Amino acid sequence: MSRSFDVIVIGAGPAGYVAAIRAAQHGKSVACIDEWKNKDGRNAFGGTCLNAGCIPSKALLESSELYHRAEHEFEKHGIRTGGLEMDVAAMQKRRAGIVRQLTGGIAGLFKAAKVEGLVGHGKLLKGKKVEFTSVEGEREIVSADHVILASGSEPIELPVAKFDGERIIDSWDTLELDAVPETLGVVGAGVVGLELGSVWSRLGSKVTVLEALEDFLYMADRDVAKLAAAEFRKQGIDIKLGATVGKATAGKGGVAVEYEDGNGAQSLEVDKLVVAVGRRPVTNDLFAEDAGIQLDERGFIAVDDECRTRVKGVYAIGDCVRGPMLAHKGSEEGVMVADLIAGETAEMNYAVIPSVLYTNPEIAWAGKTEEEVKAGGRPYKTGQFPFMASGRAKAMENTSGFVKIVSSKDDDEILGVHIVGPMAGELISEAVLALEFNASTEDVQRTIHAHPSLAEAVHEAALAVDNRALNFPNR
Ligand code: FAD
Ligand code: AMP
């Protein structure tokens with residue numbers, strides 16, 4: 001007799017594995033199928049995020065940041081290191097170790113929650129049946145009351161710069177380089193391109209970023225984008241805007257890149273070229289033609305606000321559906337769907353999803369940019385506080401950047417918070433909570449923040465909205 005479960009999840013990235021655990025917490029019998037294979041041939045749960053995305057990139061950003069600080073900042077603290085050397089192999093060993101620990105952790109979490117982790121390929125068939133093909137090639141038809149598709153995304157390939165895994169590489173290859181390339185080209189100044197460009201630039205690569213758009217970080221507040229671009233350029237990252245790649249030819253010695261910018265045809269020679277122009281949903285061999293699943297016009301699995309597909313009892317979450325391609329967005333969708341399956345009321349607040357770039361300066365925001373508020377026509381006020389005036393930031397030797405708050409003029413509601421500077425990705429949580437609770441600027445003004453802390457900059461920015469900053473002159 002074929003096995004059956006209350007819930008089958010296809011994909012064990014941050015969307016799928018969280019959905020599986022939450023559904024098991026509701027007392028459901030759950031199986032979670034995943035086929036991810038790492039470059040060493042080992043299967044692992046965790047998807048892109050744990051194996052080739054969020055976690056390994058943060059591990060390398062930390063290592064390279066420490067190296068950079070040792071090189072450029074330690075002397076100011078009175079620390080003499082003598083000769084400084086970067087052991088890339090040791091750095092990569094640490095990165096791989098963190099990934100192994102965390103992905104192994106998911107297997108442990110599955111066991112504890114009694115989720116059946118199935119290693120292999122899953123395909124949705126008609127009638128909420130799932131064809132599971134194990135890594136050994138054995139096929140089994142498993143049935144479920146509910147199926148959650150969480151197949152994630154993969155890098156977009158440019159037809160003019162096809163990946164060869166050696167010279168023209170994707171983000172995963174770039175995370176696993178075993179030596180610092182002398183020169184590195186990055187196509188796409190998005191989150192992934194800038195984080196990976198930062199890693200190898202700090203370790204000594206001459207990095208050139210080619211971005212097709214004229215606007216740097218088009219999705220960020222303009223004040224933030226302006227400061228960030230200036231800081232990255234100061235670090236030696238050459239950012240070329242309005243630059244479209246026409247052709248990239250890989251040879252023995254490197255990659256010849258032809259691109260066009262405002263000044264006409266240009267060329268660039270680099271050792272390696274990272275193509276980081278975005279990701280696309282994985283839907284290949286995920287469902288049978290007659291399973292009833294539809295894709296939207298951009299190739300994502302079509303779902304409603306509650307992640308329901310057109311097939312009753314089948315949901316889709318994470319990078320394979322519309323919305324920002326972020327781990328925490330997928331995880332929250334996983335929680336929502338598991339709760340809905342359990343008969344609870346659940347919803348996602350898509351308006352308040354924090355965005356973070358773990359560069360230096362770190363960049364984070366939640367809610368609307370000043371430009372979006374302005375375009376919406378609602379009268380607004382803004383307040384800014386620079387980290388230069390923060391005692392904690394000074395002590396940390398990390399003072400570039402600011403916190404900016406955009407609030408409505410009519411009822412003082414906070415509409416957007418934009419942070420560029422130290423620990424922006426941590427500080428943004430206060431803003432997310434404020435937005436989630438529809439807090440007013442005054443609520444944050446009257447909240448006591450520890451001294452000396454970076455969070456005081458959030459407090460001061462709230463005060464600055466009403467020209468009441470205490471540690472920086474008001475307008
Ligand atoms: P994925 O993590 O892609 O997982 C999907 C899983 O499903 C994979 O394991 C895949 O093998 C499996 N699968 C697919 N189809 C099948 C099938 N038919 N059968 C079996 N298994 C299948 N996001 C952040 O929020 N913060 C960050 O700092 C961040 N940094 C990033 C850095 C990089 C370099 C990259 C590339 C991405 C980063 N992201 C970050 C994005 C983040 O990784 C994704 O948003 C997140 O992984 C999406 O989760 P998911 O569960 O939807 O899909
Ligand atoms: P993200 O989606 O955040 O990973 O960002 C991808 C970035 O790549 C965006 O800023 C795009 O504008 C940029 N991009 C997309 N296609 C090209 C291209 N052909 N050449 C240069 N940049 C590109």
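Let me start with the surroundings of ligand 1, bearing in mind that this is a predicted model. There are 36 residues around ligand 1, and those that come nearest are Asp34, Thr48, Lys58, Gly122 and Ala327.

Now the polar contacts. Gly122 has a polar backbone atom 2.9 Å from a nitrogen atom of the ligand. For Glu35, a backbone N or O atom lies 3.2 Å from a nitrogen atom of ligand 1. Ala327 places a polar backbone atom 2.8 Å from an oxygen atom of ligand 1. On burial: ligand 1 taken alone exposes 990 Å², and 94% of that is buried by the protein.

Which elements each supply at least two residues of the shell around ligand 1? They are strands E2 (30-34) and E3 (115-125), together with helices H2 (47-52), H3 (54-72) and H8 (327-341). Helix H2 gives the most, with 4 residues. By class, the shell has 16 nonpolar residues, 15 polar and 5 charged.

Next, empty space. How many cavities of 30 Å³ or more are there? The count comes to 1. The largest cavity holds about 30 Å³ of space. Its lining is made up of Ile405, Ile414, Val417, Glu430, Ala431, Ala434, Val444 and Val458. Of these lining residues, 7 are nonpolar, none are polar and 1 is charged.

As for where that lining comes from, strand E21 (414-420) and helix H11 (424-436) each supply at least two residues. H11 gives the most to the lining, with 3 residues.

To recap the two sites: the protein buries 94% of the area that ligand 1 exposes when taken alone, and the largest cavity has a lining of 7 nonpolar residues and 1 charged.

Key:
Residues numbered from 1 in each chain as written. Chains lettered and ligands numbered in written order. Predicted model: local features only at pLDDT ≥ 70, side-chain atom pairs only at ≥ 80, totals over all residues. Heavy atoms only, no water. Near = heavy atom within 4 Å. Polar contact = N/O pair within 3.5 Å; in protein donor to acceptor, adjacent residues only side chain to side chain. Areas by Shrake-Rupley, 256 points an atom, 1.4 Å probe, with all protein chains shown as cover. Nonpolar A, V, L, I, M, F, W, Y, C, P; charged D, E, K, R; others polar. 1 Å grid on protein atoms, 1.4 Å probe; cavity = no way out; pocket = protein on both sides within 12 Å on 5 of 7 lines; lining within 4 Å. Points joined across faces, edges and corners; volume = space filled by probe spheres on them.
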